[in-house]
4 protein chains.
Amino acid sequence: MFFSDAVFAIAITLLALEIRLPGGEGALTDDELSRQLLSLWPKYLAFVISFLVIGTFWLGHHRRFRYIRRYDRRLLWINLVLLLLVAFIPFPTAVISEYTNRTATIFYALIMTLTGLMSGAIWWYAAWHDRLIDPNLDRRHRRYECLAPLVIPSIFLLSIGLAFINADLARYSWALTAPAALLIR
Amino acid sequence: MFFSDAVFAIAITLLALEIRLPGGEGALTDDELSRQLLSLWPKYLAFVISFLVIGTFWLGHHRRFRYIRRYDRRLLWINLVLLLLVAFIPFPTAVISEYTNRTATIFYALIMTLTGLMSGAIWWYAAWHDRLIDPNLDRRHRRYECLAPLVIPSIFLLSIGLAFINADLARYSWALTAPAALLIR
Amino acid sequence: MFFSDAVFAIAITLLALEIRLPGGEGALTDDELSRQLLSLWPKYLAFVISFLVIGTFWLGHHRRFRYIRRYDRRLLWINLVLLLLVAFIPFPTAVISEYTNRTATIFYALIMTLTGLMSGAIWWYAAWHDRLIDPNLDRRHRRYECLAPLVIPSIFLLSIGLAFINADLARYSWALTAPAALLIR
Amino acid sequence: MFFSDAVFAIAITLLALEIRLPGGEGALTDDELSRQLLSLWPKYLAFVISFLVIGTFWLGHHRRFRYIRRYDRRLLWINLVLLLLVAFIPFPTAVISEYTNRTATIFYALIMTLTGLMSGAIWWYAAWHDRLIDPNLDRRHRRYECLAPLVIPSIFLLSIGLAFINADLARYSWALTAPAALLIR
């Protein structure tokens, strides 16, 4: 699925286009430019988080597709819906890098949850009755691949709940995706 | 044809760049941001429709090229014109997500009709006298591939006619592409 | 050289991003939108010309690389300079779609001439003393591949001369690239 | 690693999007447009430098990955962090093409240093105890590949020091990357 790889690569690279200097006021002194560059930290952070989350989704997608031996029409459509969500991610990333209130937090976490679940849905569909996957894959690995895609969406789903208590706390909880991404393969 | 895949992937991902918050008014409350995010629904809808239609064109393109065994110069040029139309789709998508009048509806449907027909033209040219396709492809499948690319353009062509009666009705008729895309392979 | 294909594909698809409605004045009537869409014809034309010229360069690049058997460091650098020019093309395309005076005409034709020559330089370098190309390639074909990359740059170089007499005439002369592209392979 | 190639290709092509005419003042005479095109030289220069530096990083990345036989999870993560930095480069390029003071110079050189070091880190990690690389690679070549990725970052690191004395001098020192890139493979 070279096409999928390209969509992931484009979406992940377009994230950086959101980072721009406010600009337009002619020459800036060193100090003013330093302040402007530092003041963009919420955008840097949103870029880094979205990049690593999409990167994790891609690593999982890439690895799981190595065990998928055949495609059918429905699998291609599930994959297309996943790519639709991946291509959409630059927008919630732009929203969360601009606003940090409850709405922005929930919107971002919601899209990430859906994308993660759709990434898992490819495997769940393909592994269902072993129809489309490599028959030699051992049972434990197959079960592992069924559960692994739930980890990242669970963190984001939890953060939606947290956002109703405190939006800042919800966003801090996203930091849990980093150790999770390093632990799951 | 890796190059074609890349153009499809880029065009489909650039669609999301059209979705932007009106923005620029400083901090928004949760309610204001919710309203802004909800008010973007015509853009979300245009994104989803264009994404799925381009996705359908790509699935057909990808599948048909599996049976094409040889290229000649003209086939490469027909393919290049198809890619030109695919690369152009983000513009009518931007127009229809901004305006919903008759002109915008016809413009969008026209580009989609042309893109679909050009997607079919690749097969019609390649299968003509069986010159460039796999000779072992059975007759029924070959005929199927001749007719399948007509389905989506027919719906958009019909909607151009409908637009002269009622532009809203014409746009609603595009919903027919969803079951059509699921039925044809 | 998958990387080259991707740069060509991205540059060719980004061309369409230049096409935008002037926009911003709220709801437009059907007639106003029609007029706006029609008034963009210089942008459509610039998009189509640049797309087809880049497409022709890519077809040549792709075909010639089939006969190139080995790479050396210098060939990779010549290719990188070609890709630099290809990635730059969206800018002169934007200029020519905005301005139609002598400067814009010469600027566009100059970049196209350089890109075409650099595309040829890859072959001239690789075929020099037959060092990097397929040794079984017959002499006539090899000579053909040496001359073919000169056709498009010659037209653009000629148009730079014409632009000093009449800028409109110079731009009309670019239409010669269409039959040229269909004749050369 | 097709995904890496695509991210490099997209980042390198997006660099050109930063080049825009100030525009918006209606028809320009030939002289005014010439002056505007010439006045963009800092943007052209930033584009060319960033393009060639990313190109050099890609050539190194591509070559080194030919000797890497196996991946593990950590290698994929180091690669993902490299791609994050590559995808980020269009932003410092935009900054340096707008401002030429000390802050902009240091910011650009810092990102380039980090990207170059991360590009080397892939090899250092893979070649450590020969775990992931081709065991037949001779020792001299392996050592060469360990040192080569240090050249470009050293130049940029040196320029950060120079920037505290004179920002212009620091930027001139970047010209050293051109002969360095031609000498190292």
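Biologist: Which residues does A:F3 touch, not counting residues up to four places away in sequence?

Modeller: In this predicted model, the place of A:F3 is in helix α1 of chain A, which spans residues 2-14. Leaving aside residues up to four places away in sequence, the residues that A:F3 touches are B:D5, B:F8, B:A9 and B:W58.

Biologist: Does A:F3 count as buried or exposed, and why?

Modeller: A residue is buried if 20 or more other C-beta atoms lie within 10 Å of its own. Because A:F3 has 22 C-beta neighbours inside 10 Å, A:F3 counts as buried.

Biologist: What distance separates the C-alpha atoms of A:F3 and A:L83?

Modeller: Along the chain, A:F3 and A:L83 are 80 residues apart. In space, however, the separation of their C-alpha atoms is 9.6 Å.

Biologist: How many helices are there in chain A?

Modeller: Read from the N terminus on, the elements of chain A run α-α-α-α-α-α-α-α-α-α. Chain A has zero strands, and its number of helices is ten.

Biologist: What percentage of the residues of chain A count as buried?

Modeller: The C-alpha atoms of chain A fill a box of roughly 65 × 35 × 25 Å, taken along the principal axes. Of the 185 residues of chain A, the share that counts as buried is 44%.

Biologist: Which axis has the relation that links chain C and chain B?

Modeller: Chain C is superposed on chain B, with an RMSD of 0.0 Å, by a rotation of 90 degrees with 0.0 Å of shift along its axis. That is therefore the relation of a four-fold axis.

Conventions
Residues numbered from 1 in each chain as written. Chains lettered and ligands numbered in written order. Predicted model: local features only at pLDDT ≥ 70, side-chain atom pairs only at ≥ 80, totals over all residues. Helix = DSSP H or I, 4+ residues; strand = E, 2+ residues; numbered from the N terminus. Buried ≥ 20, exposed ≤ 12 C-beta atoms within 10 Å, placed from the backbone. Contact = placed C-beta atoms within 7 Å. Least-squares fit on C-alpha atoms with pLDDT ≥ 70 in both.
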